[in-house]
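Here's a walk through a chain you may not have met before. Have a look at it first, and then we'll go from the whole down to single residues.

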Amino acid sequence: MLWIFSASTEAGSFEQTSRFIGPLLKWLFPAIDPEMLNAIHFGIRKTGHFVQYAILAALLWPACARRWVPVVAISVAYAALDELHQSFVPSRQGSVADVLIDASGAVAAVLVLGWISRRKTRRALHGTPMGV
């Protein structure tokens, strides 16, 4: 949560991240046009939202006794508070769309972790080794 909070400051703004994402993309794709560069940069930033909240949900999963409702509720509540925080940072703005992306990352993590947990339980009940 501290990582997410720190990324919501000026340091995580589009202007700041473009200082290293832009040169990296130009190095990888020397002929990239500015419009495409901005589109890819935007996509990378939104993917970051998804991944950060998937990681948050994965970390909350054992703390919430592997119950999906509290994990998703905490993740979405934090996402909303994070976007509210961003609305007070001059170079940032809060976004409902970002909360939805964050929530989708948390839900995706919970779905994967729930599937793994159910699979382990079934294997343990049936005495089948995990590798088989």
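Of the 132 residues in this chain, 30% are buried, where buried means under 20% relative accessible area, exposed over 50%, and partly exposed in between (1.4 Å probe, protein chains only). Keep in mind that this is a predicted model, so local features need pLDDT of at least 70, side-chain atom pairs count only at pLDDT 80 or more, and totals for chains, interfaces and linings use all residues. Residues are numbered from 1 along each chain as its sequence is written, and side-chain values use heavy atoms, with hydrogens and water left out.

**The whole chain**

The chain has five helices and zero strands, counting DSSP runs numbered from the N terminus (helices are H or I, at least four residues; strands are E, at least two). The radius of gyration is 18 Å, well over the 14 Å that the globule rule gives for 132 residues, so the chain is more spread out than a compact globule. That radius is taken over C-alpha atoms, and the rule is 2.2 Å times the number of residues to the power 0.38. Along the principal axes, the C-alpha atoms fill a box of roughly 55 × 35 × 20 Å. Contact here means heavy atoms within 4.5 Å. Take the contacts between residues at least 6 apart in sequence: 61% of them join residues at least 24 apart.

How sure is the predictor? Its confidence in each residue is the pLDDT, from 0 to 100. The chain averages 90, and 96% of the residues score at least 70. Among the elements, helix α2 (residues 14-28) has the lowest mean pLDDT, 86, while α4 has the highest, 96.

**Helix α5**

Helix α5 (residues 96-126) holds 31 residues and should span 45 Å at 1.5 Å a residue, which agrees with its end C-alpha atoms being 45 Å apart. The expected span is 1.5 Å times one less than the number of residues. At its start, a side-chain oxygen of Ser95 comes within 3.2 Å of the backbone nitrogen of Ala97. After the helix comes Gly127, with a positive phi near 70 degrees.

The buried residues of α5 include Ala103, Gly105, Ala106 and Gly114, and α3 (34-63) and α4 (68-87) are among what covers the buried set. One buried residue of α5 is Val110, at 8% relative accessibility. Leaving aside neighbours within four places in sequence, Val110 is in contact with Ala57, Trp61, Trp68, Val71 and Val72.

**One salt bridge**

How many salt bridges are there? The count comes to one, a salt bridge being a side-chain nitrogen of Lys or Arg within 4 Å of a carboxyl oxygen of Asp or Glu. The partners are Asp98 and Lys46, at 2.6 Å from N to O. Asp98 lies in helix α5 and Lys46 in helix α3, so the pair ties together parts that are 52 residues apart in sequence. Asp98 counts as buried, at 5% relative accessibility.

**The loop between α3 and α4**

Two residues in this loop have a positive phi without being glycine:

| Residue | Place | Phi |
|---|---|---|
| Ala65 | loop between α3 and α4 | near 55 degrees |
| Arg66 | loop between α3 and α4 | about 55 degrees |

Is Ala65 buried or exposed? Ala65 is exposed, with a relative accessible area of 54%. As for Arg66, its C-alpha atom is 8.7 Å from that of Val110, although the two are 44 residues apart along the chain.

Technical notes: A polar contact is a pair of N or O atoms within 3.5 Å; within protein, one must be able to donate a hydrogen and the other to accept it, and residues adjacent in sequence count only if both atoms are side-chain atoms. pLDDT is the predictor's confidence in each residue, from 0 to 100.
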